[in-house]
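Trainee: I've never looked at this one before. Can you walk me through it with a few questions and answers?

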Amino acid sequence: MNHVQIFVGSVVHSLSLQHLEIIDDALLIVRDGRIIALGQAASEQDILQSFGIVDYDVHQLPPDDFLMPGFVDTHNHAPQYAQRGLGQGMHILDWLDKITFPNEAKFEDPAHARRIYSGCVAGFLRQGITTASYYGSRHAPATKILADECLRQGQRALVGKCNMNRNAPDFYRDESVEASVEETEDCIAHLKSIDPAGDLVRYVVTPRFAITCDNGLLARLGAIAKRDNLAIQTHFNEAEQEMKATRDLFPEFDCEADLYEHFQLLNNRSILAHCCFMSEYELDKLSVHDAGVAHCPIANMTVGGGFMTAPVRAFLRKGIEVGLGTDSGGGFSSSILDAMRQALIASNAREVATDGTDKGLSLEELFYMATLGGARVCNFDAKIGNFEVGKEFDALWISGNASGVMAPCEPEDSTRTIFEKFLMTGDDRNINKVYVRGRVVKQ
């Protein structure tokens with residue numbers, strides 16, 4: 001193709017957990033969806049000549065606009081898109097039985113799946129989520145529809161059929177270990193057929209959590225993940241009610257870390273959602289295995305049974321990667337911006353609860369979790385997460401003066417000030433364009 005796009009204006013991205021880079025008057029060059037240069041606009045001609053570029057499109061950002069990497073949602077239940085906000089305040093197992101399982105059972109109907117998933121993927125792209133780790137329903141046909149929809153709309157995604165063969169209603173569980181595994185293999189084959197190189201869509205092994213999977217199913221899923229080197233996602237130490245039920249079902253294990261390790265489901269491809277209650281032993285276990293955490297602060301405080309402030313600072317001290325998750329129906333918002341704000345509140349509450357031992361999160365840390373940290377949790381960081389040369393251009397064009405509720409930009413505002421105003425007061429109306437691999441997927 002040799003299509004070259006040149007962006008001139010302000011750029012904001014994370015280089016590390018603590019290091020936020022802001023480049024005013026930046027020149028960012030994208031060729032065929034991949035970043036080939038990032039520097040100062042003053043050197044534009046020198047850069048163009050060095051790459052032999054003569055044919056290109058120039059995009060000049062207005063003074064109050066900036067580019068940033070796309071958001072990464074590390075924990076998202078796609079079937080719950082239509083039930084968001086329902087059952088807030090309920091304990092987790094009650095919420096599953098009364099709200100979630102009946103809703104997810106509807107995805108046995110492919111027409112229903114197409115309708116909801118079409119709006120789901122479009123809705124998340126509209127809010128700047130260029131990458132999502134999706135739990136599907138337990139139905140293989142619907143899961144394949146979700147993967148197809150991500151590919152069609154151009155969203156980068158991990159997609160997995162939800163495995164669950166016990167402790168769920170008869171109308172919503174896998175018939176047997178063999179049936180669950182067979183449908184999983186069918187979904188894996190489908191994703192390989194529609195995106196052989198995994199450029200946009202990849203399969204993620206998805207035992208819902210240990211409560212809904214017996215030993216035989218967990219063992220088979222662990223073997224599949226190891227065989228194909230697949231990502232893994234599950235819920236981990238989410239709520240006291242869930243943890244007690246897990247201990248009752250698996251008395252041979254002292255904790256969930258040992259349980260998932262035993263079944264080959266704890267490694268550097270594991271995405272562990274919530275992790276609200278962690279012992280020092282389990283923190284060390286996650287660190288040793290290089291597992292990632294999907295921090296879902298909104299769901300943690302509204303569904304589950306209590307105001308649960310996950311020990312994010314403890315994860316970071318141990319070198320455990322943390323990304324943010326919307327949890328879709330588990331909370332009231334599908335916005336990563338809202339997840340960042342709630343994560344800030346949760347971290348401040350955690351600081352008080354620990355008498356200052358766990359300091360509140362900084363804006364740099366929150367933004368890192370929403371972008372590069374999330375990419376690392378999902379093992380996409382070689383491709384996305386920031387604007388490092390060689391990575392693919394998954395980006396958001398943010399307009400500071402879009403009509404909406406964002407705090408207004410003042411003439412004296414620096415890029416840093418406008419950036420902070422967007423993170424704390426902006427919404428999807430400020431997201432002017434969304435790019436995945438250099439292609440506009442929302443405008």
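Mentor: Sure. One yardstick to start with: a residue counts as buried under 20% relative accessible area, as exposed over 50%, and as partly exposed in between. Also keep in mind that this is a predicted model.

Trainee: Okay, let's try that yardstick. Is Phe307 buried or exposed?

Mentor: Phe307 sits in the loop between α10 (297-302) and α11 (312-317). Its relative accessibility is 54%. The cut-off for the top class is over 50%, so Phe307 counts as exposed.

Trainee: Which residues does Phe307 touch, leaving out those up to four places away in sequence?

Mentor: Some parts of the chain come together there from further along the sequence. For instance, Phe307 and Ala346 are 39 residues apart along the chain, with their C-alpha atoms separated by 8.9 Å. As for actual touching, the residues are Asn300, Met301 and Ala349.

Trainee: Moving to helices, how are α12 and α15 oriented to each other?

Mentor: Helix α12 covers residues 336-353 and helix α15 covers residues 415-425. Their axes come within 8 Å and cross at roughly 90°. Angles of 65 to 115 degrees get one particular label, so α12 and α15 are roughly perpendicular.

Trainee: And how many nonpolar residues are in the contact of α12 with α15?

Mentor: From α12 come Leu337, Met340, Arg341 and Leu344, and they meet Phe422, Leu423, Met424 and Thr425 of α15. Sorted by class, this contact has 1 charged residue, 1 polar and, for the nonpolar class you asked about, 6.

Trainee: What about α2 and α7: which residues of α7 are met by α2?

Mentor: The axes of α2 (residues 92-105) and α7 (residues 240-249) come within 7 Å and cross at roughly 90°, which makes α2 roughly perpendicular to α7. The contact holds 3 nonpolar, 1 polar and 2 charged residues. On the α2 side are Ile92, Leu93 and Asp94, and on the α7 side Gln241, Glu242 and Ala245.

Trainee: Now the rings. What kind of pair do Phe66 and Phe419 make?

Mentor: The whole structure has 14 aromatic pairs. In the case of Phe66 and Phe419, the ring centres are 5.9 Å apart and the planes are at 70°, so the pair is edge-to-face.

Trainee: How far apart in sequence are the parts that Phe66 and Phe419 tie together?

Mentor: Phe66 is buried at 1% relative accessible area, and Phe419 is buried at 0%. Phe66 belongs to strand β5 (residues 65-69) and Phe419 to helix α15, so their pair ties together parts separated in sequence by 353 residues.

Trainee: And what is the angle between the planes of Phe236 and Tyr260?

Mentor: Phe236 lies in strand β11 (residues 231-236) and Tyr260 in helix α8 (residues 256-262), so this pair ties together parts that are 24 residues apart in sequence. Both residues are buried. Their pair is tilted, with centres 6.0 Å apart and an angle of 35°.

Trainee: One last thing, about the backbone. What is phi of Asn229 near?

Mentor: Most residues other than glycine have a negative phi. Asn229 sits in the loop between α6 (215-228) and β11, and at 53% relative accessibility it counts as exposed. Its phi is positive even though the residue is not glycine, with a value near 55°.

Conventions: Residues numbered from 1 in each chain as written. Predicted model: local features only at pLDDT ≥ 70, side-chain atom pairs only at ≥ 80, totals over all residues. Heavy atoms only, no water. Helix = DSSP H or I, 4+ residues; strand = E, 2+ residues; numbered from the N terminus. Buried < 20%, exposed > 50% of the residue type's maximum accessible area, 1.4 Å probe, protein only. Contact = heavy atoms within 4.5 Å. Axes fitted to C-alpha atoms, helices over the stretch in contact; angles between N-to-C directions. Parallel < 35°, antiparallel > 145°, perpendicular 65-115°, else oblique. Nonpolar A, V, L, I, M, F, W, Y, C, P; charged D, E, K, R; others polar. Phe/Tyr/Trp six-rings, centres within 6.5 Å; stacked < 30°, edge-to-face > 60°.
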